[in-house]
Amino acid sequence: YERLKEKFRAEGLFEEERKRAVPELPRRVALISARGKAREDFAGTLERRTPFVDVTFLETQVQGLGAEIEIASAIDRASRLDVDVIVLTRGGGSYEDLFPFNLEPVVRAIVRSRHPVLTAIGHSGDHHLADDASDRSFGTPSLVAEHIAQGWLAASRRVREAERALARAVQSIVL
């Protein structure tokens, strides 16, 4: 872990300057996860808050032998899609279960992605090299979904405020 961390750091893979800007209003999201609680938390939160955001689910193995290859492959597939962001998530687990998110294939796939990659791996206290390489990291699947929804909710508030201001301006001109 420490050798990989230093190798990636020396290559500049964790540098802020390398990271892509995350769109304020993502309309299309590629969700990479296994079936289960993490996927349900993300999708449920996003559906409740912003049901118009389109989510494409790419199921992948997230632990066990070869998981890092499957995860990297899913990121590469998501990178070829017409999406605004890629979300890589999974629920909590033991250090060993979560270790594929520290391995080179996953980190390199995140870095080479055409789209910004947001991670929410494990629980709030967990941290992985994938989080360091990602464009933005969140503590839980629900938090990353909330972040995506927040931009849309703020834009909706601005539109309502502009409508009220326009109505007041029209009323003052007419009267």
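## A five-stranded parallel sheet and what packs on it

Let's start in the middle of the sheet: Ile86 has Val117 as its bridge partner in β4. On the other side, Ile86 of β3 is the bridge partner of Ala30. Keep in mind that this is a predicted model, where local features need pLDDT of at least 70, side-chain atom pairs count only at pLDDT 80 or more, and totals for chains, interfaces and linings use all residues. Residues are numbered from 1 along each chain as its sequence is written, and side-chain values use heavy atoms, with hydrogens and water left out.

**The sheet.** The chain has seven helices and five strands; these are DSSP runs numbered from the N terminus, with helices being H or I of at least four residues and strands E of at least two. Reading from the N terminus, the order of elements is α-β-α-β-α-β-α-α-β-α-β-α. The five strands make an open sheet, ordered β2-β1-β3-β4-β5, with parallel pairing. Two strands count as paired if DSSP finds at least two bridges between them. At the edges sit β2 (54–59) and β5 (136–137), each pairing on one side only.

Strand β3 (residues 85–90) is joined to β4 (residues 117–121) by five bridges, and one partnership there is Val87 with Leu118 of β4. Four bridges link β1 to β3, again running parallel.

How enclosed is β3? Six of its six residues are buried, so β3 is largely enclosed by the rest of the structure. Buried means under 20% relative accessible area, exposed means over 50%, and partly exposed lies in between (1.4 Å probe, protein chains only). In a regular strand, side chains alternate between the two faces of the sheet. Here Val85, Val87 and Thr89 point one way from β3, while Ile86, Leu88 and Arg90 point the other way.

**Helices on the sheet.** Two helices that pack on the sheet are α2 and α7. Contact means heavy atoms within 4.5 Å. The angles run from 0 to 180 degrees between N-to-C directions, using lines fitted to C-alpha atoms, for helices over the stretch in contact.

| Helix | Strands touched | Angle |
|---|---|---|
| α2 (residues 37–49) | β1 (28–33), β2 and β3 | about 160° with β1 |
| α7 (residues 141–174) | β1, β3, β4 and β5 | about 160° with β3 |

**Two loop residues.** Thr50 lies in the loop between α2 and β2, and at 1% relative accessibility Thr50 is buried. Beyond its neighbours within four places in sequence, Thr50 is in contact with Ala149 and Trp152.

Val62 is in the loop between β2 and α3 (67–79). Val62 has a relative accessible area of 9%, so it counts as buried. Not counting residues up to four places away in sequence, Val62 touches several residues, including Ser33, Ala34, Thr89 and Phe101. Pro100 is on that list too; its C-alpha atom is 7.4 Å from that of Val62, although the two are 38 residues apart along the chain.

**The C-terminal end.** Leu175 lies in the segment after α7 and counts as exposed because its relative accessibility is 77%.

**The whole chain.** Buried residues make up 43% of the 175 residues. Of the contacts with a separation of 6 or more, 74% involve residues 24 or more positions apart. The C-alpha atoms fill a box of roughly 70 × 35 × 30 Å along the principal axes.
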